[in-house]
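Got the viewer open and a selection tool at hand? Let's walk through this one stop by stop.

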Amino acid sequence: MSEKEPPKIRDIAKFKKMREEMKAFKMMKGVLPFASPFLKIFGVDTNQMKEAFAEFDKLEEQFWDLSEFPDKFNDIFSSRGWIIYGSLNLDTAKEAVEIAETDIDAAEKFLVEYYTPENVQFLLRMMQGVEAFRPRMELAELAFIDYKEKRYHACVPVILALMDGLEAV
């Protein structure tokens, strides 16, 4: 019996719909050079359309980042305990994926090194802004001390417990 593939972020209904709309938009972009003379006959200002289409490639890349990249990251790193999350720096995640294409161990080391005490302190300050997290701050600060002292065996389980449900808030 084969195992069912886990659901993918890219398969979320909103992403599927947007992907279809992007395909249609891309097709329209390809047709515009041929259709422009006819559209002009009917009084359509094709210059505005051309300007809108000029931004399409950037928009398409952003859509890919939003809908496809998280699955790629998770496919590469989930077996090593890494899952992409909302506040993970996207450029860092992209660079880790690039490194992983040639050396997965170096990529994981790169991800670990991203979490400097300064980055962790910044994330803690962000979490303090979430009212539901404030009662957890004292324990988070103690875990942060353990982190700075490289007592990962102590801080990782505490941080995981503290973070449970925080992304949903």
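Start by colouring the charges: the chain has 23 positive side chains and 31 negative ones. Here Lys and Arg count as positive, Asp and Glu as negative, while His and the chain ends are not counted. Put a charge at NZ of Lys, CZ of Arg, CG of Asp or CD of Glu, and the centres of the two sets come out 4 Å apart.

A quick word on what you are looking at: this is a predicted model, where local features need pLDDT of at least 70, side-chain atom pairs count only at pLDDT 80 or more, and totals for chains, interfaces and linings use all residues. Residues are numbered from 1 along each chain as its sequence is written, and side-chain values use heavy atoms, with hydrogens and water left out.

**The whole chain**

Switch to cartoon view. You'll find nine helices and zero strands, and the pattern along the sequence reads α-α-α-α-α-α-α-α-α. Helices (H or I, at least four residues) and strands (E, at least two) are DSSP runs, numbered from the N terminus.

Now zoom out. Along the principal axes, the C-alpha atoms fill a box of roughly 70 × 45 × 30 Å. The radius of gyration is 22 Å, whereas a compact globule of 169 residues would have one near 15 Å. That radius is taken over C-alpha atoms, and the globule rule is 2.2 Å times the number of residues to the power 0.38.

Turn on the surface next. The accessible surface comes to about 12,100 Å², and 59% of that belongs to carbon and sulfur atoms. Such areas come from the Shrake-Rupley method with a 1.4 Å probe, and for residues only the protein chains shown count as cover. Of the 169 residues, 26% are buried; buried means under 20% relative accessible area, exposed means over 50%, and partly exposed is in between (1.4 Å probe, protein chains only).

**Stop one: helix H1**

Select Lys17 and Glu21. They form a salt bridge, with the closest N and O atoms 3.9 Å apart. A salt bridge is a side-chain nitrogen of Lys or Arg within 4 Å of a carboxyl oxygen of Asp or Glu, and the structure holds six of them. Glu21 and Lys17 are four residues apart in helix H1 (residues 13-41), so about one helical turn separates them. Lys17 is exposed at 53% relative accessibility, while Glu21 is partly exposed at 45%.

**Stop two: helix H4 and its neighbours**

Which residues of helix H4 (residues 69-77) are buried? Select Phe69, Pro70, Asp71, Phe73, Asn74 and Phe77 to see them. These buried residues pack against helix H3 (56-67), helix H5 (90-100) and helix H6 (104-114).

Then pick Lys72 and Glu101, whose side chains meet in a salt bridge (3.5 Å, N to O). The pair links distant parts of the chain, 29 residues apart: Lys72 sits in helix H4, and Glu101 is in the loop between H5 and H6. Lys72 is partly exposed, with a relative accessible area of 32%, and Glu101 is exposed at 56%.

**Stop three: a little charge network**

Move on to Arg80 and Asp105. Their side chains meet in another salt bridge (2.9 Å, N to O). Asp105 lies in helix H6 and Arg80 in the loop between H4 and H5, so the pair ties together parts 25 residues apart in sequence. Add Glu108 to your selection: salt bridges that share partners join Arg80, Asp105 and Glu108 into one network.

While you are in the loop between H4 and H5, click Ser87. Ser87 is partly exposed, with a relative accessible area of 30%. Its C-alpha atom and that of Leu123 are separated by 8.5 Å, although the two residues are 36 apart along the chain.

**Stop four: inside helix H5**

Is Thr92 buried or exposed? Find Thr92 in helix H5; Thr92 is buried, with a relative accessible area of 10%. Leaving out residues up to four places away in sequence, Thr92 touches Phe110, Leu111 and Tyr114. A contact means heavy atoms within 4.5 Å.

**Last stop: an unusual backbone angle**

Finish at Lys150, in the loop between helix H8 (137-148) and helix H9 (152-163). Most residues other than glycine have a negative phi. Lys150 is not a glycine, yet has a positive phi of about 65°. Lys150 counts as exposed, at 59% relative accessibility.
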